[in-house]
Structures are given as structure tokens and as C-alpha cells.
Amino acid sequence: MRITLRQLEIFAEVLKSGSTTQASQQLALSQSAVSASLTDLEGQLGVQLFDRVGKRLVTNEHGRLLYPKALALLEQAGEVEQLFKLDLGALRLAASSTIGNYMLPEMLAKYRQDYPDTPLELNISNTEDVIKSVVEFRVDLGLIEGLCHNPELISQPWMKDELIVFASPGSPLANTNLTVDDLIKAPWILREKGSGTREVLDHLLFSQMPRFNIAMELGNSEAIKHAVQYGMGISCLSRRVIREQVQNGTLIELTTPGLQLYRTLYLIYHRQKHMSNALQKLLSYCH
């Protein structure tokens with residue numbers, strides 16, 4: 001068997017783009033050269049990697065099995081090429097919104113000071129989308145606020161985070177010890193379903209209440225802070241997210257006796273993901 005890295009590169013690009021035509025454009029090869037390479041690879045492996053549906057190529061179980069191993073080999077080959085260069089290779093990260101907007105910038109800034117030439121790509125979305133990106137190998141590493149139950153991924157505890165209930169300074173709940181009845185009656189402004197913060201609140205807080213009043217669901221923390229600031233309801237977010245507003249007095253923390261709203265943040269990566277040297281160096285800054 002004489003499988004080449006070029007064949008694996010072509011295979012991976014065909015899988016990502018979904019056609020030999022688009023793969024040929026990305027790789028600056030003729031379509032016939034891409035098709036010939038793919039046919040030769042399938043011949044050497046003795047299996048078809050794609051099902052031919054009309055003019056489309058649909059990845060089958062053989063292609064899905066090969067894809068992460070091909071990516072790992074290509075990344076390791078890239079490491080070999082970079083052994084004696086300062087550039088450690090590009091890193092692709094995905095983070096849920098609280099982590100991506102309020103925690104990672106400081107960590108990545110420190111990493112950038114030591115490795116200024118390493119390309120970094122950060123995608124910020126909700127926890128569900130981050131998990132999907134890691135499963136599909138579109139990113140190297142995910143950082144999420146909620147639990148990950150996908151068996152294809154390795155999930156490891158990363159950091160503790162405190163959630164606090166807050167309101168506008170003019171709220172009738174200000175300067176009082178909140179009771180469960182107060183929390184039931186209050187209008188809540190919450191993150192959307194699918195966000196890590198919402199999943200944790202559903203588990204830690206709202207599971208203890210027979211009912212609660214959702215006044216509004218919003219897609220990001222900044223929108224929630226503004227809505228609460230203008231007296232539209234109360235909410236609960238990471239202390240890191242509202243630290244500045246609490247310090248300048250535009251938002252206030254509400255006292256919630258007996259409630260311990262702590263969550264664990266997680267790092268996730270694919271079980272078949274090759275942990276490159278560059279990725280391991282980055283992880284040392286994420287603490």
C-alpha cells in the first residue's frame with residue numbers, strides 16, 4: 001500500500017467541500033486529477049469512501065471513519081514541516097458566548113505575546129453550536145459553559161464560574177433577601193434554549209421552583225444586561241459578565257440566601273483529535 005499525504009489531503013478537501021469540482025478549485029488542481037487521486041485511494045483501501053448520488057458525492061461510513069485519521073496525519077505532517085520554524089501552525093477554537101467574550105480575550109492576549117506569529121481563529125456561539133463544530137472537526141478545541149454528553153467527544157473540567165442574580169438599581173427587589181416566592185413572581189430575562197448558561201439555570205435554579213415567569217429570551221448577554229438595566233426584569237449571569245456594571249452602579253446584585261449558583265466550565269475535543277504541540281501550548285494558557 002502506498003497511500004500519500006496528497007491523496008489524504010485531496011480526500012479531506014472533497015469531504016469538506018462535497019464535490020471534486022470545489023475541491024479542485026481549493027487545491028489548484030484539475031478536476032480530473034482530484035477524481036483520479038480519489039479513485040486511486042479507494043482502490044488501495046479496497047472500499048468506496050463516498051456514495052455516488054447522481055453528480056454528488058455523499059460521505060459513507062468508510063469516509064467518516066477515515067476522515068479524522070486523515071486529518072490527524074495531515075496535522076502531524078504539518079508539525080514536521082514546522083519543527084525548525086517559529087510558526088507553530090494555526091489554531092481553531094470555538095467558545096460559548098460568556099467564555100469567548102469575557103474570559104478568553106485575556107488568555108489569548110497572553111498567548112499572543114509569547115507566540116505572536118501563530119494564527120488564531122475564534123468562533124463564538126452557543127454551547128450546542130460549539131459542540132457541533134468540535135464533532136465535525138471544524139475546530140480543534142471547544143470551551144463551553146454546559147455539560148457535553150456527546151460520546152464522540154472528551155470533556156474535561158476547566159474552571160469554576162459563579163452565577164449571580166441581578167436587577168436594576170430601581171428594582172423593588174433591591175436591598176431585600178429574595179425568597180422563592182419573589183423569584184417565582186419576578187419577570188425573568190434569560191438566555192435562549194441551547195445556551196450553556198440557560199441549561200445550568202434550568203438545572204440549578206428553576207428546577208427548585210414550581211413555576212417561573214419568563215418575560216423575554218435573548219440571544220446574548222449584552223442584550224440581557226441592557227434589558228435588566230432598563231427595569232424590564234431580573235436575570236442571572238456569570239459574575240464576570242456583569243462585574244463592570246455592578247462596579248459602576250448601573251446594575252445591582254440581588255441577595256439570594258441559600259442559593260449556591262456555581263457551575264463548571266469545560267474543555268471539549270474529539271476523541272480522535274490529534275493534540276498538536278501548538279494546541280498543547282495554548283492549553284497551558286487556559287487557566
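1. Asn-175 is found in the loop between strand 6 and helix 8 (180-185), where helices (H or I, at least four residues) and strands (E, at least two) are DSSP runs numbered from the N terminus. The phi of Asn-175 is near 60°, a positive value in a residue other than glycine, and Asn-175 is exposed, with a relative accessible area of 83% (buried is under 20%, exposed over 50%, partly exposed in between, with a 1.4 Å probe and protein chains only). The model is a predicted one, in which local features need pLDDT of at least 70 and side-chain atom pairs count only at pLDDT 80 or more, whereas totals for chains, interfaces and linings use all residues. Residues are numbered from 1 along each chain as its sequence is written, and side-chain values use heavy atoms, with hydrogens and water left out.

2. A second backbone point concerns Ala-28, in the loop that joins helix 2 (20-27) to helix 3 (31-45). Ala-28 is not a glycine, yet its phi is positive, at about 60°; with a relative accessibility of 70%, Ala-28 counts as exposed.

3. The protein is divided into domain 1 (3-81), domain 2 (89-157 + 263-282) and domain 3 (158-261), with bounds taken from an automatic or database domain assignment. Between the C-alpha centres of domain 1 and domain 2 the separation is 26 Å, and nine residues of domain 1 are in contact with nine residues of domain 2, contact being heavy atoms within 4.5 Å.

4. The largest pocket holds about 830 Å³ of space, and of the 30 residues that line this pocket, Lys-16, Leu-71, Leu-74, Glu-75 and Arg-92 are the closest to its centre. On a 1 Å grid over the protein atoms alone, a pocket is an open set of points with protein on both sides within 12 Å along at least five of seven lines, a cavity is a set where a 1.4 Å probe fits but cannot get out, and lining residues have an atom within 4 Å of a point. Grid points are joined across faces, edges and corners, and a volume is the space filled by probe spheres set on the points.

5. As to what forms that lining, helix 1 (5-17), helix 4 (61-82), strand 3 (91-96) and helix 12 (277-283) each supply at least two residues, and the largest share, nine residues, comes from helix 4. By class, the lining of the largest pocket divides into 13 nonpolar, six polar and 11 charged residues (Ala, Val, Leu, Ile, Met, Phe, Trp, Tyr, Cys and Pro count as nonpolar, Asp, Glu, Lys and Arg as charged, and the others, Gly among them, as polar). Because domain 1 and domain 2 both give residues to this lining, the largest pocket lies between them.

6. Enclosed space should be judged separately: one cavity of 30 Å³ or more is counted, and the space in the largest cavity is about 50 Å³. Its lining includes Pro-68, Leu-71, Ala-72, Glu-75, Arg-92, Phe-137 and His-274. Helix 4 gives the most to this lining, with four residues, and the lining divides into five nonpolar, two polar and four charged residues. The largest cavity lies between domain 1 and domain 2, because both give residues to its lining.

7. The largest nonpolar core has 22 residues, and those with the most contacts inside it are Ile-99, Leu-104, Leu-141, Leu-143 and Trp-158; a core here is a set of buried Ala, Val, Leu, Ile, Met, Phe, Trp, Tyr and Cys residues joined through side-chain atoms within 4.5 Å. Two or more residues each come from strand 3, helix 6 (104-114), strand 5 (141-144), strand 6 (153-167), strand 11 (262-270) and helix 12, and helix 6 gives the most, with four residues. Another core, of 20 residues, lies apart from this one and has Leu-190, Leu-205, Phe-206 and Ile-234 among its members.

8. Leu-141 deserves a closer look, since its contacts, leaving aside neighbours within four places in sequence, include Arg-92, Leu-93, Val-134, Leu-267, Tyr-269 and Leu-283.

9. Two buried residues complete the note. Thr-197, in helix 9 (residues 196-204), is buried with a relative accessible area of 2%, and, not counting residues up to four places away in sequence, Thr-197 touches Thr-98, Glu-145, Arg-191, Cys-236, Leu-237 and Arg-263. Met-159 lies in strand 6 and counts as buried at 15% relative accessibility; the C-alpha atoms of Met-159 and Pro-68, 91 residues apart along the chain, are separated by 28 Å.
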